[in-house]
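Colleague: Please take one chain of this model and go through it closely for me, from its overall build down to a few individual residues. I would like one connected account that I can follow at the bench with the structure open.

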Amino acid sequence: MQKMIKKYFALFALPTLLAFIVAFVVPFVLGIYLSFTEFTTVTDAKWIGLSNYVKAFQDQDFVNALWFTAKFTIVSVISINVLAFLLALLLTQKVLGRNVFRTVFFMPNLIGGIVLGYIWQLMINGVLYQFEVTLTSSAKYGFWGLVILMNWQLIGYMMVIYIAGIQNVPKEQLEAAKIDGASNGIILRKIILPLVMPSITICLFLTISNSFKLFDQNLALTAGAPSKQTAMLALDIFNTFYSKAGFEGGGQAKAVMFFVMVALIVVVQLGITRRREIES
Amino acid sequence: MKMRNKMLSLLLIAALVFVAACSNNGGTKGGSTSGGAESIYFLNFKPEIAEVYEQIAKDYEAETGVKVKVVTAAAGTYETRLKSEIAKSEPPTIFQINGPIGYNAWKDYTLDLKDTKLYSYLSDKSLAVTEGDGVYGIPYVVEGYGIIYNNAIMEKYFALPNKATNVSSMEEVNNFDTLKAVVEDMQANAETLGIKGVFASTSLSAGEQWRWQTHLANLPLFYEFNDAEGYESTVLAGLDANEIQFTYGNNFKNIFDLYINNSTVKPTLLGSKSVADSMAEFALGQAAMVQNGNWAWNEIANVGGNVVNQEDIKFLPIYTGVAGEEKQGLAIGTENYLAINNKVSEAKQQASIAFLEWLFSSDKGKAYVTNDLGFIAPFNTFTEDEKPADPLAAEVLNWMNKDTIAIAWTFAAFPSEDFKNDFGDALLEYAQGTKTWDEVKTIVVESWKKEKAK
Amino acid sequence: MLGDSQKSRPLLFLLLLVLAIAFLLPIFIVFMNSFKGKFFISDEPFVFPGGDTFVGLENYTSGIQKIGFFSAFGMSLFITVFSVAAIVFFTSMTGWYLTRVKTKWSSALFFMFVFSMVVPFQMVMFTMTQTANVVGLDNPVGLLVIYLGFGSGLSVFLFSGFVKSVPLEIEEAVMIDGGSPIDMFFKVILPILKPIAITVAILNVMWVWNDYLLPYLVIGTEYQTIPIAVQYLKGGYGSIDMGAMMAMLVLAIIPIVLFYLFCQKYIIEGVVAGAVKG
């Protein structure tokens, strides 16, 4: 049978493959190549070895963006997951309007990043205005603004995944523990947490990669102000490419490093998942 | 073999269905516009008049059948946009360069316009961007900026019984010290004058900083390059300068401090203010003065609840405390030069030139230029009474005829957009109190050097 | 705690109610400000419109006209519907094909699709735009091809994972009845794939509809989707018009909320399924 299907490659796989080559394979290979060259358009590239990478690391904006992104990712990943897990615990209890609450909490996740950014720009500037400062007064306002925005957007999403995990915990096991007189804390730690580990892994993965790759929200909320101090990696790369001429090589080198960092995070994540799977 | 044929036909059908579905349902928007001379593409620099250009394009198409695609770049993104557009399969046929610096960046794309009628229309041929024998950029608008003031509020101040200065008309305000005395006294009497502050807010949010990092920054650098020996113009001196001293930096600080400390809002809040906010404050009578150019007339006129009388709107030069500034006039110049893309087909080049010639020489085109675009056009095709009638343009013409020295638009020599943005970011931080003036000066000097070295 | 699912708790309900209101507040504030004059928004966003500050639908009419909202909406809808349709149609076939045909080529291909999921957009942003310009995909129809290509990683992966759980016997039965692989896929397999197809569709709708940078770079000058139009309001007209901005934010949110309310069950299930399998 396999042989028979195989002949239909042109129908079943070729269209996707062609699109994939144009939209991904060629740009990806070209991207790696160009990061070692100096160019303004693809056709006039000149090989210059590693100097784009050296330049990128000498670029203070890039280093700042890296730290800002790392700090932001850590803070938002922790806050989002803790809050989402707590909400999931509350919403798996019997309470009036449970489904309505789930619906409400999940909704912000569907709104696009640009729109979210402007919504929160209005909110945060409105609050700060009372204290006679604005989002651009200091990088810390932009930082916490982004954290709040990210929480608002992702808590509902993660909550839904946690709820699915918690609902998989067998009722009987909980009842039995209750009868044995286990406290709520013990039930949470000994029974629920181990069983929702898969959900935790997924949520960590999603929040880390979403926070690390954040662009739209960053662009709309602060656009990097003041003085590029709140520009995250993705925005810094974008600015390097498109806000000045002659830095495409440096931008591409930054982009390659960005890709390597994202890939590393994924590999580490997968490693942890696999070890956990083996253990259980 | 039979199988292969079947396979191929299926693939074709699938592809066809895909494309057909898209083009049917996507309406006429699917697919790019056809080539040939019937369509030209104008990449517009001025967002505030984008709608007028679209109207002009419609009219032109109705008259000649030539489709003019108008695309407008967002404020401060023209270079970026041009860079990405010029690489497209349908690149702009008409674009704009900002003087010699822009010409240097785009010289591979600019067509020689020496033999066009458009160039022959130019009243002062020396205004064009040239290299050797060639003419590559044609200016199309002369503009002026300064401090716009509401004379009604000024008269009210001059009539105050308890005013602390002895200035009694705007004629007497011809240097920074007088301006400062008047402004500070007005701020003290803001309530009596019925204003929130003398100056409208100094907009410093991202993308809204050009009035300071370009226009105001022009003044100290004009004076600095004016001091340089052996140059025909400040722009040429600026282009030659790999480093600057920012000698007149303190003069910049003088006026900038005056703006932010005698304003409708606290300096710490300026990071959220836009140019539109600023113009609205002026139009609503909440502020007596605002720095801007004659292009801002529409913005003032279109604010709902506008209380400023047309005859009360006047211009004052931007005084910064430089010796001899009593003779200083408005900052008058042009930063916009039309260029034709030499990489598009000959037919498109000609069609583009024809469109521009129509715009600047036909009665219909000229009416648009004068009345709707509000341009003071530097072409001899415009007669004396074909000058814009709005009060700000009239004031610019007025100042041009006075016995004053106009400040040339030296910012054409600024090394890059990044230089301006670094300047603007530093100003924001200075206004918010997170940077000292000395730090701002350092940033300006360093950024110039860094951007020049690139 | 978890065991107490017998009685409902008023205190918990109140807590959740307060939280829900806090979650909805930003949207409400934007809605409220969309009826205020543009100069009364950034200074006092928490004050209700009234008297001088109330401008009725003016922000909506000016905003719609300014950014051409309906054409942006049409463009967003066109791109979302057709690119998601293309993704579901083509990647379901590819997912099935790559799972059923086991050669070293198909395995390598599958690995490439999975690999592409890891690559952030910024990595290929510039080169993809250039490639699109060169091969003439810098128009709305071409954009569909790019979405298919860039979105195929996750979608092929999800379909392929699902196909693994479909027993081979079904396909063998079709074969024995003399059906071609085409019959086999479209008549038998595709209906079985429906649940995962919904998941793939929903994940891609959420991505494409809200995507800003990709369409901005590829077709952004000439065609605007809703996110591009909203971003263009900032700076695209010399200076930002806060009133029009608020109104456009509201209009941008409404279609999403409606879509969500109608397909809520599928969306939440789809997102969970996508997350768990992804």
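Modeller: What follows is a close look at chain B, going from the whole chain to its two domains and then to one strand and one helix.

This is a predicted model, in which local features need pLDDT of at least 70 and side-chain atom pairs count only at pLDDT 80 or more, while totals for chains, interfaces and linings use all residues. Residues are numbered from 1 along each chain as its sequence is written, and chains are lettered from A and ligands numbered from 1 in the order in which they are written.

The secondary structure of chain B comes to 18 helices and 12 strands, where helices (H or I, at least four residues) and strands (E, at least two) are DSSP runs numbered from the N terminus. With a radius of gyration of 25 Å, close to the 22 Å that the globule rule gives for 454 residues, chain B is as compact as a globular protein of that length; the radius is taken over C-alpha atoms, and the rule is 2.2 Å times the number of residues to the power 0.38. Taken along the principal axes, the C-alpha atoms of chain B fill a box of roughly 100 × 45 × 45 Å. Of the 454 residues, 49% count as buried, a residue being buried if 20 or more other C-beta atoms lie within 10 Å of its own, exposed if 12 or fewer, and partly exposed in between, with C-beta atoms placed from the backbone. Among contacts in chain B between residues at least 6 apart in sequence, 73% join residues at least 24 apart, a contact meaning that the two C-beta atoms, placed from the backbone, lie within 7 Å.

The domain assignment divides chain B into domain 1 (39-142 + 334-382) and domain 2 (144-332 + 399-453), with bounds that come from an automatic or database assignment. The centres of the two domains, taken over C-alpha atoms, are separated by 29 Å. Where the domains meet, 12 residues of domain 1 are in contact with 13 residues of domain 2. The side of domain 1 that touches domain 2 is made up of four nonpolar, five polar and three charged residues; here Ala, Val, Leu, Ile, Met, Phe, Trp, Tyr, Cys and Pro count as nonpolar, Asp, Glu, Lys and Arg as charged, and the others, Gly among them, as polar.

A strand is a good place to look more closely. Along strand S9 (residues 313-316) of chain B the side chains alternate, so to speak, between two faces: Ile313(B) and Phe315(B) point to one face and are buried, whereas Lys314(B) and Leu316(B) point to the other and are not buried. S9(B) pairs with strand S6 (residues 143-150) of chain B in the antiparallel sense over four bridges, pairing being counted if DSSP finds at least two bridges between two strands. Within this pair, Asn150(B) stands opposite Ile313(B), one of the buried residues of S9(B).

The last stop is helix H15 (residues 363-372) of chain B, in which Gly365(B), Lys366(B), Tyr368(B), Val369(B) and Thr370(B) are buried. These buried residues of H15(B) pack against two other helices of chain B, namely helix H2 (50-64) and helix H14 (346-361). After H15(B) comes Gly374(B), whose phi is positive, near 65 degrees.
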